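Q: Please take a close look at one part of this model, beginning with a single loop and its backbone geometry, and then follow the description outward to the helices and the domains. I would like one connected account rather than a list.

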Amino acid sequence: MAGGNGHLGAAAPVRTADRPGGIRVITLDNPPANAISYAVSALLVQAIDAADADSAVRAVIFAGAGGLFSYGADINDFAIEPTPDTKTVREVTAAVERSAKTYVAAIEGTALGGGFELALTCDYRVGSAKTKLGLPEIKLGLLPGAGGTQRLTRLIGAQDALQMMLKGETIGAEDALKKGILDEVAAGDVVAAAAALVERVIGTAPKRRISARTAELGVAGLGLFAFPFVVAQAHKMVPPESNGGFAAHKLIDAVAAALELDFAHGLARESRLFEELIRSAPSAALQHVFFAERQLGKIPNLPPAEALEIKTAGVIGAGTMGTGIAITFANAGIPVVVIEPADEQIERSKQMVFGMFAHQVQRGRLTQEQAWKLGQSISWESDYGELAGADIVVEAVFENMDVKKEVFAKLDAVCKPATILASNTSTLDIDEMAAVTKRPEQFVGLHFFAPANIMKLLEIVRGARTSPQTLTTAVKLGKTLRKVAVVSANAFGFIGNRMFFDYAREAVYLLEEGIPPERIDRVMKEQFGFAMGPFATFDLSGVDVFWHIQQERTAALGEKRTAIIDRMYAAKRWGQKTGLGFYKYDGPNKREPLPDPALTALVAEEAAKAGIAPRSVTDTEIVERLAYALINVGADLLEAEIALRPGDEDIVYIYGYGFPPHHGGPMWYADEVGVANVVARVKEFGWRVSPLLERIAQRGGTIAAYSKEFVHA
Ligand code: T1G
């Protein structure tokens, strides 16, 4: 697998040094993550056993170099089948557990996963103000497999331990001190503080192993006897095993083991559960997502270029998108000027900004002062001249080419030569816009997803003449804005929307064949795991938007078989915004989609007119037709080099459209099903088969393997 540090980082990834008083310091120095790979584990076991055998050593301190302790086991190693004598984090913690010495973890920065589990195996833990601790294994479809479920439960109680591990959340130093996870938060050097702690405890309490404790429920007023009830409740709170909850249920079983078994048996149960997970399809999918996300910024064959520094920004248009984009820049510490001619629109924009920051203060995410400062970094003007010095300007005006061309002609005239001009368009041609400027090399698409200050996905659209420096700057800006930024070539719908149009077409076809929207949504959400079904999504994003796109680009949407969308548009059945769409929204909770017989009648009428007879369709076919539509067009986008890698398309669909991460994204899912099986079904549906998909099927290959052979990957 790419990414990460499967290699050994520094010259000596595990260093030892002796301090006065018989204290041995073992330092992890394996950049960039101080990951505890198989090889590093073997070196750690050697170092621990050597310290244990050395009578001059009274205590051992573990430390991490580079300002972090360790991001955990090396995820790259999961693809490597361990042999009986492979050393993993499990053998490292076992070596500490059997050693008679006193162990202290000196945690200057972040300790996650196996790194935190190593710290939990120690007798004491010292942190710093920067310390962050977490067991995020669940995000990889795993559970902490080196004693974390047994030790954390014994240390902070089952309730808090489950909460922390099911969410994979990270806690800070103060919280960890309060919970008794840290014994001290050092003001200065954590290793020196750890050495001082050794001197304080070595004579009185040299050994304080968590494994010797008994786990408590940690629920006020509930004794251990109630643990079956608490465990049963926990199982009810997580998704079903078949739909994203596979690891969560095993994690709960592991915590239950900590409550009912002694440490050794609990550890054995945890190992068995971990082994089930590490080989599971959901975990393989989530590991793929982890690395695919880290590939995004790597643009093959791009000449090296220095990213420009973006110190100030401009946004054209104070609508919802423009305001959301402005907030995104402000949150990243980049002052931004919003250009808007209409005063009442400026007022609405200000209300949105201040309302959002006030909400953050209420939620305790921002202090009043931080909110005020952020608010001050956004200003509203009507004169383009205010943008003369901006490093980048993003337009977010009405989705019409003439309007956008007018904006860019004006910007080209007022902005300094180095200013990068960007369009937030979701479907229009970037090159056509760039052509009205004298700076096509500094022109790029930045397609934010609504709401722009919340959605992490950003599509960076590379024009034919976008320069390497502009593209490099945009990729770096994506990171600065804390976005998941995917590079797309300039083509209709870019990556996400282009794939969505085929998905939407098949959803409407199923509707025309008499399948109720609520059934289609239920299957895609509850059986397959989408965050939201297609029709609830159309109602949220606006049926009018769907109609506009269908008007402009029927070709891309495939032939329109009925006038359903036209009639819905004419009847203002535009979705949530008009209270009626594919559902009605007249219940007490105005956002709850309710089946609407009037829609059913409209669909039946139009389908009859088009001569489309109702069909009985299985749930499986619903999933296949919607998911395979994504795969088929996704393969075309790869062959046309609009998307760089299948993993990029997976990330777009997971972050932008709610595709279930435990299936890895549409292109990963194709390999789960088997490309030949996908092609066979696509042919049965009578669709045009993507030639790339056909070729991979004929070779019995996989999309994942094929991606390595992409000319441009
Ligand atoms: N293994 C290998 N490489 C890792 C890594 C890991 N655990 N964590 C990070 N990297 C690489 C990453 O690929 C990137 O490499 C570089 O470090 C910087 O990371 C037994 C079995 C901590 C939130 O799940 O979530 O321990 O691309 O770009 O954005 O129970 O890294 O530069 O070549 O992500 O600041 C549990 C995974 C493992 C944490 C920081 N640990 N890492 O994000 O930097 S399983 C995790 C993260 C385990 C035990 C079990 C993030 C981060 P490159 P980055 P970042």
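A: N34 is found in the loop between strand 2 and helix 1, and the model in which it is described here is a predicted one. Phi of N34 is near 45 degrees, a positive value in a residue that is not glycine. Most residues other than glycine have a negative phi, and most peptide bonds are trans. N34 counts as buried because its relative accessibility is 2%, where the cut-off for buried is under 20%. P32 has its place in the loop that runs between strand 2 (23-28) and helix 1 (38-53), and the peptide bond joining P31 to P32 is cis, with omega at about 5 degrees. This loop thus brings together a cis peptide bond at P31 and P32 and a positive phi at N34.

Both kinds of backbone feature can be followed elsewhere along the chain. A cis peptide bond also joins A450 and P451, with omega at about -10 degrees, and P451 is found in the loop between strand 15 (443-448) and strand 16 (457-462). R482, which is not a glycine, has a positive phi, near 60 degrees, and is placed in the loop between helix 17 (468-480) and strand 17 (484-489). Whereas N34 is buried at 2% relative accessibility, R482 counts as exposed because its value is 52%, and exposed requires over 50%. A positive phi, near 65 degrees, is found for G700 as well, the glycine that follows helix 29.

Helix 29 (residues 691-698) itself has L692, L693, I696 and A697 as its buried residues. Viewed down the axis of helix 29, these buried residues fall within an arc of 135 degrees, and they therefore line one face of the helix. In helix 3 (residues 114-121), by contrast, eight of the eight residues are buried, so that the helix is mostly covered; the buried residues of helix 3 include the charged E117 as well as F116, L118 and L120.

A buried position in another helix is T149, which lies in helix 4 (residues 148-156) and is buried, with a relative accessible area of 0%. If neighbours within four places in sequence are set aside, the contacts of T149 are with L143, P144, M165, L251, A254, A258 and E270. The C-alpha atom of T149 is separated by 44 Å from that of A680, a residue 531 places away along the chain.

One of the residues in contact with T149, A254, takes part in the packing of helix 9 against helix 10, since F246, A247, K250, D253, A254, A257 and E260 in helix 9 meet G266, R269, L273, E276 and L277 in helix 10. The residues of this contact divide into six nonpolar, one polar and five charged. The axes of helix 9 (residues 246-260) and helix 10 (residues 263-278) come within 9 Å and cross at roughly 170 degrees, and the two helices are therefore roughly antiparallel to each other.

Helix 18 (residues 496-512) and helix 26 (residues 646-657) pack at an angle of about 75 degrees, with axes 10 Å apart, and are therefore roughly perpendicular to each other. On the side of helix 18 the contact involves G496, N497, M499, F500 and Y503, which meet E649, V652, Y653 and Y657 in helix 26; the residues of this contact divide into six nonpolar, two polar and one charged. E559, in the loop between helix 22 (554-557) and helix 23 (564-570), is exposed, with a relative accessible area of 52%. Although E559 and R505 are 54 residues apart in sequence, their C-alpha atoms are 8.8 Å apart in space.

At the level of the whole chain, the assignment gives domain 1 (14-131 + 182-213), domain 2 (280-303 + 493-713) and domain 3 (313-490). The centres of domain 2 and domain 3, taken over C-alpha atoms, are separated by 28 Å, and the contact between them takes 21 residues from domain 2 and 24 residues from domain 3.

How values were computed: Residues numbered from 1 in each chain as written. Predicted model: local features only at pLDDT ≥ 70, side-chain atom pairs only at ≥ 80, totals over all residues. Heavy atoms only, no water. Axes fitted to C-alpha atoms, helices over the stretch in contact; angles between N-to-C directions. Helix = DSSP H or I, 4+ residues; strand = E, 2+ residues; numbered from the N terminus. Parallel < 35°, antiparallel > 145°, perpendicular 65-115°, else oblique. Contact = heavy atoms within 4.5 Å. Buried < 20%, exposed > 50% of the residue type's maximum accessible area, 1.4 Å probe, protein only. Arc of directions from axis to C-beta. Domains from an automatic or database assignment.
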